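User: I am new to reading protein structures. Can you walk me through some features, one at a time?

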Amino acid sequence: MPIKQNNKSLSFRAIDSMKPGSRDLSDTGEYRGLRVSCGTAGTKSFFYRYRSPITENLVQMKLGTFPEMSLSKARQKLERLKAIRKSGRCPAAEKRDIEQTEKETKAELQKQQDFTVRALIDLYLEQYIDDRMVSGKVIAGARKLKGQGEVRRTLYADPIRVLGMKSAAKITRKDVTAMVMGIVNRGANVQAGTALRNLLAAYEFAIGMDVYFDDDFVNPCIQAKAGLRQAKIRLTPQRGKRVLNDIELGQLLRWLPGSAYTVTQKNVLRMTLWTGCRTGEVVNAGWQHIDLQKKTWHLPETKTFVERYVQLS
């Protein structure tokens, strides 16, 4: 709509009397560049029309609607925008930049809100702990098959059950401590320690990806672990002190042949007693690892991932 040339400054009465189809009104003097248009629905809007100091193109920037924005408020806003333009900057371009930053910030906050503790744990399990398929090839996970199941069971049993639907970025030290103490209070101190260690590792994995958390985010599990240690909450098993004495050992060996165990079970128990190895290691023993001449048993895979040799009697 062409601008109606005014010799007078804009006034409330002039703006209020505008009708749909009226020509745009422009201000004068120090407020030159301020204009008002009336749309087909009767909505009256303030605009700042100026030439960009950067592109030299004409730019029109909406300031607000009348009467929600008064004429005096529109002029005040115009003065601020003119000061920006006078400094060699483009107000409209800066507004777009601010809106884009706000949009990206809002999207980032929403992404963090959607990244729940359950999503964090599933990410850790699927991309680190479990075996996974990559380009048609199976990539071994950080744990063996049995260990994968144990980690999943531990994380689903308490961390996901208690914290799963909460935003991972908003979990606090108190949240983690309360979850751990819930396990301790039911008498499962070792399970509590295992759950804390696994959740801590899951957080560390996600933090290391540098996608889901701010740079200043601190793993709440580390803080909870320090607090529990300070409170002297025991999360590890008591070292076993009970052992069979010579008489009890003789009784066991005399009883074992006539017991209801299978031959394999009897052999596993005997070899466990002879070698002091874990029963799981005995069960997985193969003849290819036994050297009868050197009287050694080679364990290439162990719970600690360190191979070792056991001397046989």
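Analyst: We will take a pair of helices, then pockets, then a single residue. Keep in mind that this is a predicted model.

User: How do I read the packing of two helices? At what angle do α7 and α8 pack?

Analyst: Two packed helices are described by two values: the angle between their axes and the distance between those axes. Here, helix α7 covers residues 189-208 and helix α8 covers residues 220-230. They pack at about 150°, and their axes are 8 Å apart. An angle over 145 degrees counts as roughly antiparallel, so α7 is roughly antiparallel to α8.

User: Which residues make the contact between α7 and α8?

Analyst: From α7 come Leu196, Leu199, Leu200, Tyr203 and Glu204. From α8 come Pro220, Cys221, Ile222, Lys225 and Leu228. Sorted by class, this contact has eight nonpolar residues, two charged ones and no polar ones.

User: Now pockets. How are they found, and what is the volume of the largest pocket?

Analyst: A probe the size of a water molecule is rolled over the atoms, which shows where empty space is left. The largest pocket has a volume of about 920 Å³. Its lining counts 24 residues. Nearest its centre lie Lys144, Lys146, Gly147, Thr302 and Lys303.

User: Which element gives the largest share of that lining?

Analyst: That is α5, with five residues. α5, α7, α11 and β9 each supply at least two. By class, the lining of the largest pocket has nine charged, nine polar and six nonpolar residues.

User: What about the second largest pocket? Which residues lie nearest its centre?

Analyst: They are Asn267, Met271, Ala285, Trp287 and Ile290. The second largest pocket holds about 490 Å³ of space and is lined by 17 residues. Helix α10, residues 263-275, supplies at least two of them, as does α11. In fact α10 gives the most, seven residues. The class count for this lining is 10 nonpolar, five polar and two charged.

User: Last, a single residue. Is Thr279 buried or exposed?

Analyst: Neither label fits. Buried needs under 20% relative accessible area, and exposed needs over 50%. Thr279 has 43% relative accessibility, so Thr279 counts as partly exposed.

User: Where does Thr279 sit, and what is it in contact with?

Analyst: Thr279 lies in helix α11, residues 279-283. Leave aside its neighbours within four places in sequence, and Thr279 is in contact with Val268 and Thr272. Ile222, which we met in the contact of α7 with α8, is 57 residues from Thr279 along the chain. Their C-alpha atoms are separated by 34 Å.

Terms used. Residues are numbered from 1 along each chain as its sequence is written. This is a predicted model: local features need pLDDT of at least 70, side-chain atom pairs count only at pLDDT 80 or more; totals for chains, interfaces and linings use all residues. Side-chain values use heavy atoms; hydrogens and water are left out. Helices (H or I, at least four residues) and strands (E, at least two) are DSSP runs, numbered from the N terminus. Buried means under 20% relative accessible area, exposed over 50%, partly exposed in between (1.4 Å probe, protein chains only). Contact means heavy atoms within 4.5 Å. Axes are lines fitted to C-alpha atoms, for helices over the stretch in contact, and angles run from 0 to 180 degrees between N-to-C directions. Angles under 35 degrees count as roughly parallel, over 145 as roughly antiparallel, 65 to 115 as roughly perpendicular and the rest as oblique. Ala, Val, Leu, Ile, Met, Phe, Trp, Tyr, Cys and Pro count as nonpolar, Asp, Glu, Lys and Arg as charged, and the others, Gly among them, as polar. On a 1 Å grid over the protein atoms alone, a cavity is a set of points where a 1.4 Å probe fits but cannot get out, and a pocket is an open set with protein on both sides within 12 Å along at least five of seven lines; lining residues have an atom within 4 Å of a point. Grid points are joined across faces, edges and corners, and a volume is the space filled by probe spheres set on the points.
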